[in-house]
Amino acid sequence: MLTMSIPIKSGKEIKIMKEACRRAARIMSELETKIDCGVTALHLDSFAEELMYKLNCSPAFKGYMGYPSSICVSVNSEVVHGIPDDSRILKSGDIVSIDLGVKYNGFYADIAATFGVGEISAAACNLIKVAKDALAIGISRSVSGARLGEISASIQDFVENNGYSVVRKFVGHGIGRDLHEEPEIPNFGSPNTGPYLENGMVLAIEPMVNEGSYQVEILDDGWTAVTSDGKISAHFEHTVLVWGNNPEVLTTF
Ligand code: MF3
Ligand code: CO
């Protein structure tokens, strides 16, 4: 079996990745201001793509395994990889997950967040909060010398203790010169497993949290993942640098 290794980024590479991540975060924060009732997913996609080129970076997802758009827009029971089109029109009470990646100067950045549209229910608000906090907990375990499984287990424990489930079908990933590098970062597992983290590893940690069961299905478009039970789902992702006891979130916005 071929053993893949986890790339360690040099100081120079980290500098470029910070620039890439700064751009991804800026685009996410501008997208947040655009989210409103009546806005289409396609509009968000065009806006994001234009801004990417303005900021001298390019859409990481477009063309990836044939993905047709620059960002993913997933609404309510859509978990991830919703393709932005005219038929997805945001309305009050929706929750919308936006996932975007950019390539800048040879390096990738990846970020996702879920937002409420207009007035959302207390249940939806709580799901979003738990998903966001789950990511923060996973990030806090991303310290040098820890095992990867500690990130996974901490996220799963927190989510399940709050009565929700973590999606199994999709996982986080290392990131750098490729959008997806070693290691895979599941949002479930046991703490004393997996590789040991080292300074200079860069991780895209991305819990997907379902209100009901963790089962998902893929729609006929070949991309959109939806919950099998039709309940809502939230998704947060940051690109994180492992650095001693102080993991650095590179995509803060
Ligand atoms: N954040 C997701 C990932 O890292 C987004 C990929 S969407 C795709 O896998 F279109 F690029 F596949
Ligand atoms: Co990702």
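Strands are runs of at least two residues assigned E by DSSP, numbered from the N terminus. T114 belongs to one of them, strand β5. The structure described here is a predicted model.

T114 has a relative accessibility of 3% and therefore counts as buried, since buried means under 20% relative accessible area. Its side chain takes part in a polar contact of 2.8 Å with the side chain of S97. The side chain of T114 also reaches the backbone nitrogen of H235, again at 2.8 Å.

Strand β5, which spans residues 107-116, also holds D110. D110 is one of the residues that coordinate the cobalt ion (ligand 2). The ion is bound through OD of D110, NE2 of H173, OE of E206 and OE of E237, at distances of 2.1 to 2.2 Å. Along the sequence, these donor residues follow the spacing D-x62-H-x32-E-x30-E. While D110 sits in β5, E237 lies in the loop between β13 (233-235) and β14 (238-241), so this pair ties together parts that are 127 residues apart in sequence. Both residues are buried: D110 has a relative accessible area of 2%, and E237 has a relative accessibility of 0%. The arrangement around the cobalt ion (ligand 2) is irregular, because its 6 donor atoms subtend angles of 66 to 167°.

The residues that coordinate the ion, namely D110, H173, E206 and E237, are also among those surrounding ligand 1. The surroundings of ligand 1 further include F61, Y64, Y67, C72, H81, D99, H180 and W223. A polar side-chain atom of D99 is found 2.7 Å from a nitrogen atom of ligand 1. An oxygen atom of ligand 1 lies 2.8 Å from a side-chain N or O atom of D110, and an oxygen atom of ligand 1 lies 2.8 Å from a side-chain N or O atom of H180. On its own, ligand 1 has 330 Å² of accessible area, of which the protein covers 94%.

C72, which is among the residues around ligand 1, belongs to strand β2. In this strand (residues 71-75), 5 of the 5 residues are buried, so β2 is largely enclosed by the rest of the structure. In a regular strand, side chains alternate between the two faces of the sheet. In β2, I71, V73 and V75 point one way, whereas C72 and S74 point the other way. Strand β2 pairs with strand β4 (residues 95-104) in the antiparallel sense, over 5 bridges. Within this pairing, V73 has I98 of β4 as its bridge partner.

Two open sheets complete the description. One has 5 strands in the order β8-β7-β9-β14-β15, with antiparallel pairing. Its edges are formed by β8 (181-185) and β15 (248-249); each has a single partner strand, so one side of each is left without a neighbour in the sheet. Inside this order, β7 (residues 172-174) and β9 (residues 202-205) are antiparallel and share 2 bridges. The cobalt donor H173 stands opposite A204 in β9.

The other open sheet has 3 strands in the order β6-β10-β13, with antiparallel pairing. Here β6 (165-166) and β13 are the edge strands, each pairing on one side only. Strand β10 (residues 208-210) runs antiparallel to β13 and is joined to β13 by 3 bridges. V209 has A234 as its bridge partner in β13.

Definitions and conventions. Residues are numbered from 1 along each chain as its sequence is written. Chains are lettered from A and ligands numbered from 1 in the order in which they are written. This is a predicted model: local features need pLDDT of at least 70, side-chain atom pairs count only at pLDDT 80 or more; totals for chains, interfaces and linings use all residues. Side-chain values use heavy atoms; hydrogens and water are left out. Donors are N, O and S atoms within 2.8 Å of the metal (3.2 Å for Na, K and Ca); water is not among the atoms, so sites may look incomplete. Four donors count as tetrahedral if all angles lie between 85 and 135 degrees; four count as square planar and six as octahedral if opposite donors are over 155 degrees apart and all others between 65 and 115; anything else is irregular. Helices (H or I, at least four residues) and strands (E, at least two) are DSSP runs, numbered from the N terminus. Buried means under 20% relative accessible area, exposed over 50%, partly exposed in between (1.4 Å probe, protein chains only). A residue is near a molecule or strand if one of its heavy atoms lies within 4 Å of it. A polar contact is a pair of N or O atoms within 3.5 Å; within protein, one must be able to donate a hydrogen and the other to accept it, and residues adjacent in sequence count only if both atoms are side-chain atoms. Accessible areas come from the Shrake-Rupley method with a 1.4 Å probe; for residues, only the protein chains shown count as cover. Two strands pair if DSSP finds at least two bridges between them.
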